[in-house]
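Thanks for coming. I will take one model today and go through its fold and a few of its residues.

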Amino acid sequence: MKTGRTIRREEIERVWNIDRSEVIENIYHLENGTLALRPYHCDVPGWPSGEAEKYTPILLECFDRGGWFYGAFDHAELIGAVVLDSKWIGKHKDQLQLKFLHVSSAYRNRGLGTHLFELAKATARERRAKRLYISATPSENTVNFYLRLGCAVAGEPEPDLFALEPEDIHLECDV
């Protein structure tokens with residue numbers, strides 16, 4: 001049985017139980033403002049070492065300032081999660097960052113990621129945002145997922161977020 005609900009603060013560390021494994025065959029790079037796909041084989045067995053320790057405090061900060069956390073569950077197992085930050089960003093301070101969106105490997109390609117993304121867009125609209133900002137892992141599957149959902153390469157990457165993840169593909173999406 002799959003259900004969805006908001007994630008409570010004390011449950012945030014459960015996001016690291018999501019099975020992030022995948023085989024990456026290609027990654028995107030930005031070349032003169034255009035996406036370019038390059039071969040890059042990598043077997044990603046799960047979360048990188050130290051990821052939970054580095055990002056859990058960031059997620060807790062996001063929660064404490066009013067971020068939106070939503071999870072998809074198969075019985076008690078967290079199989080997908082999406083996080084929308086509450087901090088306004090962008091030149092006109094009218095964007096919210098999609099801070100986290102992951103679906104466990106066994107549950108991908110079933111519409112769950114799209115559902116979580118659409119819930120985040122609806123929440124951003126309710127909060128009066130004009131756009132979502134996404135720092136996407138440059139893997140072909142991840143970037144193509146966001147492109148299919150109407151995202152486009154950010155015209156002006158958010159400087160602080162770009163500095164944190166310069167290898168990511170920075171995207172925006174109207175909400």
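I will start with the sheet, then turn to the helix and the cores, and finish with single residues.

First, a caution: this is a predicted model.

The sheet, then. It is open and has seven strands, in the order E1-E4-E5-E6-E7-E9-E8, with mixed pairing. At its edges are E1, residues 2–6, and E8, residues 152–153, and each of these pairs on one side only. In general, strands of a sheet pair through backbone hydrogen bonds, either parallel or antiparallel. For E1 and E4 the sense is antiparallel, with five bridges. To find the register on screen, look for Thr6, which stands opposite Tyr70 in E4.

E2 and E3 are another pair to look at. E2 covers residues 22–31 and E3 covers residues 34–44; they run antiparallel and are joined by nine bridges. Here Asn26 stands opposite Pro39 in E3. The two strands form a hairpin with two residues between them, and Asn32 in that turn has a positive phi of about 55 degrees.

Now helix H2. Does its length agree or disagree with the expected span? It agrees, because 15 residues at 1.5 Å a residue should span 21 Å, and the end C-alpha atoms of H2 are 21 Å apart. The buried residues of H2 are Leu112, Gly113, Leu116, Phe117, Ala120, Lys121, Thr123 and Ala124. Lys121 and Thr123 are on that list, for anyone who expected nonpolar names alone. What do the buried residues of H2 pack against? The partners are E4, E5, E6, E7, H3 and E9.

That leads to the cores. The largest nonpolar core has 30 residues, and those touching the most other members are Val82, Leu98, Leu101, Phe117, Leu132, Ile134 and Tyr146. At least two residues each come from E4, E5, E6, H2, E7, H3 and E9. H2 gives the largest share, five residues. Take Ile134 as an example: leaving out residues up to four places away in sequence, Ile134 touches Leu98, Phe117, Tyr146, Cys151, Ile169, His170, Leu171 and Cys173. There is also a second, separate core of 14 residues, with Phe69, Leu78, Ala81 and Phe100 among them.

Next, a buried acid. Glu172 is in strand E9, residues 169–174. Is Glu172 buried or exposed? Its relative accessible area is 11%, and the cut-off for buried is under 20%, so Glu172 counts as buried. What does the side chain of Glu172 make a polar contact with? The partner is the side chain of Gln95, at 3.0 Å. Beyond four places in sequence, the residues that Glu172 touches include Arg131, Leu132, Tyr133, Gly150 and Cys151.

Last, two more backbone angles. His75 is not a glycine, yet its phi is positive, near 60 degrees. His75 sits in the loop between E4, residues 68–74, and E5, residues 77–84. With a relative accessible area of 60%, His75 is exposed. Arg128 follows H2 and has a positive phi too, near 75 degrees. Its place is the loop between H2, residues 112–126, and E7, residues 131–136. Arg128 has a relative accessible area of 68%; exposed means over 50%, so Arg128 is exposed.

That is what I have; please send any questions my way.

Technical notes
Residues numbered from 1 in each chain as written. Predicted model: local features only at pLDDT ≥ 70, side-chain atom pairs only at ≥ 80, totals over all residues. Heavy atoms only, no water. Helix = DSSP H or I, 4+ residues; strand = E, 2+ residues; numbered from the N terminus. Buried < 20%, exposed > 50% of the residue type's maximum accessible area, 1.4 Å probe, protein only. Polar contact = N/O pair within 3.5 Å; in protein donor to acceptor, adjacent residues only side chain to side chain. Contact = heavy atoms within 4.5 Å. Expected span 1.5 Å × (residues − 1). Core = buried A, V, L, I, M, F, W, Y, C linked by side-chain atoms within 4.5 Å. Pairing = 2+ DSSP bridges.
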